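Let's take a walk through this fold together, one residue and one neighbourhood at a time. Have the model open so you can follow along.

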Amino acid sequence: MKRLLLTAAFALLAVSSAQQGAPLSGIVQSEDELAPQTRVAIHVVDADNVWGLEVASVVPVGGTFRITPDAVPASELIAFRSGAVILPGLQNEYRVTPEGVNVAVARFNMYVDENGNSVFDRVQDKWYIGIPRLENPPGFFTLLYVDQAATLTGSGVELQLSAGWNVFTVRFPDDRAVYAVGTSVEDIVLDVILP
């Protein structure tokens, strides 16, 4: 019995490690002062980029934030194949292997938590337009959650995705595109436009 419990504990640890969140950090830039209840959030989005499930949110401190998204339930995932997700630089010109990989895409958002419940309420909470980018070197990113390890191939690159959260990046050092997939980024800039 003891051996069975130990084996189960190791298996659970392996699954949770394999699907750990991606710690993301950066700064918020705004010409106007943000409301005190403003939160930086990550939402799963649909094909039209409409916010859905909120997987994380934090209050920025001193214009900075650090956030780690939670796991995404299977009901939020779609089949991951070329065209299912538009990726910066690659657009829809890529292949994903093996077949059967499912994905969710998430975006950064900002909102004012009017009722203090730490969750975006579409009817009640005011939202900001936050345009995310990478600073050093400059570039863009997309948050991808996949249900199994996968390989993304396109534009002469082959990128390995791990089960759980991945950060697909395209950066432009010396005016050339460099693609990568990692588990975190620390140079996000959210340029805020107040409505």
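Thr142 sits in strand E9. With a relative accessible area of 2%, Thr142 falls under the 20% cut-off, so it counts as buried. Looking beyond residues up to four places away in sequence, you'll find Thr142 touching Leu87, Pro88, Val105 and Arg107, as well as Asn166, Val167 and Phe168. Keep in mind as you look around that this is a predicted model.

Two of those neighbours, Leu87 and Val105, turn up again in a separate nonpolar core of 19 residues, which also includes Val85 and Ala150. That one is the second core; the largest has 28 residues. Inside the largest core, Leu24, Phe108, Leu143 and Ile188 have the most contacts. Strand E7, residues 102-112, gives the largest share of this core, with five residues.

Phe108 is a good place to stop and look around. Setting aside neighbours within four places in sequence, Phe108 is in contact with Leu24, Leu143 and Ile188, the other three residues named for the most contacts in that core. The contact list of Phe108 also takes in Val40, Ala41, Ile42, Phe65, Ile67, Gly130, Phe141 and Leu190.

From there, hop over to Gly26 in strand E1, which covers residues 24-29. Is Gly26 buried or exposed? Its relative accessible area is 10%, so it is buried. Apart from neighbours within four places in sequence, Gly26 is in contact with Gly63, Thr64, Phe65, Glu186 and Ile188. Phe65 and Ile188 are also in contact with Phe108. Gly26 and Leu134 are 108 residues apart along the chain, and their C-alpha atoms are separated by 8.9 Å.

Now for the aromatics. Searching the whole structure turns up nine aromatic pairs. Take Phe140 and Phe172: their ring centres are 6.5 Å apart and the planes meet at 70°, so this pair is edge-to-face. The pair links distant parts of the chain, with Phe140 in strand E9 (residues 139-146) and Phe172, 32 residues away, in the loop between strand E12 (164-171) and strand E13 (178-182). Phe140 is partly exposed at 43% relative accessibility, and Phe172 is partly exposed too, at 34%. Elsewhere, ring pairs tie Trp51, Tyr111, Phe120 and Trp127 into a cluster.

The backbone has some curiosities of its own. Most residues other than glycine have a negative phi, and most peptide bonds are trans. Against that background, which residues does the first cis peptide bond on our tour join? It joins Thr97 and Pro98, with omega about 0°, and Pro98 is in the loop between strand E6 (95-97) and E7. Another cis peptide bond joins Asn136 and Pro137, where omega is about -10°. Pro137 is in the loop between strand E8 (126-134) and E9.

As for phi, Asn49 has a positive value near 65°. Asn49 lies in the loop between strand E2 (38-45) and strand E3 (51-58), where it is partly exposed, with a relative accessible area of 42%. Asp175 also has a positive phi, near 60°. Asp175 is found in the loop between E12 and E13, the loop that holds Phe172. At 79% relative accessible area, Asp175 is over the 50% cut-off and so counts as exposed.

Notes. Residues numbered from 1 in each chain as written. Predicted model: local features only at pLDDT ≥ 70, side-chain atom pairs only at ≥ 80, totals over all residues. Heavy atoms only, no water. Core = buried A, V, L, I, M, F, W, Y, C linked by side-chain atoms within 4.5 Å. Buried < 20%, exposed > 50% of the residue type's maximum accessible area, 1.4 Å probe, protein only. Helix = DSSP H or I, 4+ residues; strand = E, 2+ residues; numbered from the N terminus. Contact = heavy atoms within 4.5 Å. Phe/Tyr/Trp six-rings, centres within 6.5 Å; stacked < 30°, edge-to-face > 60°.
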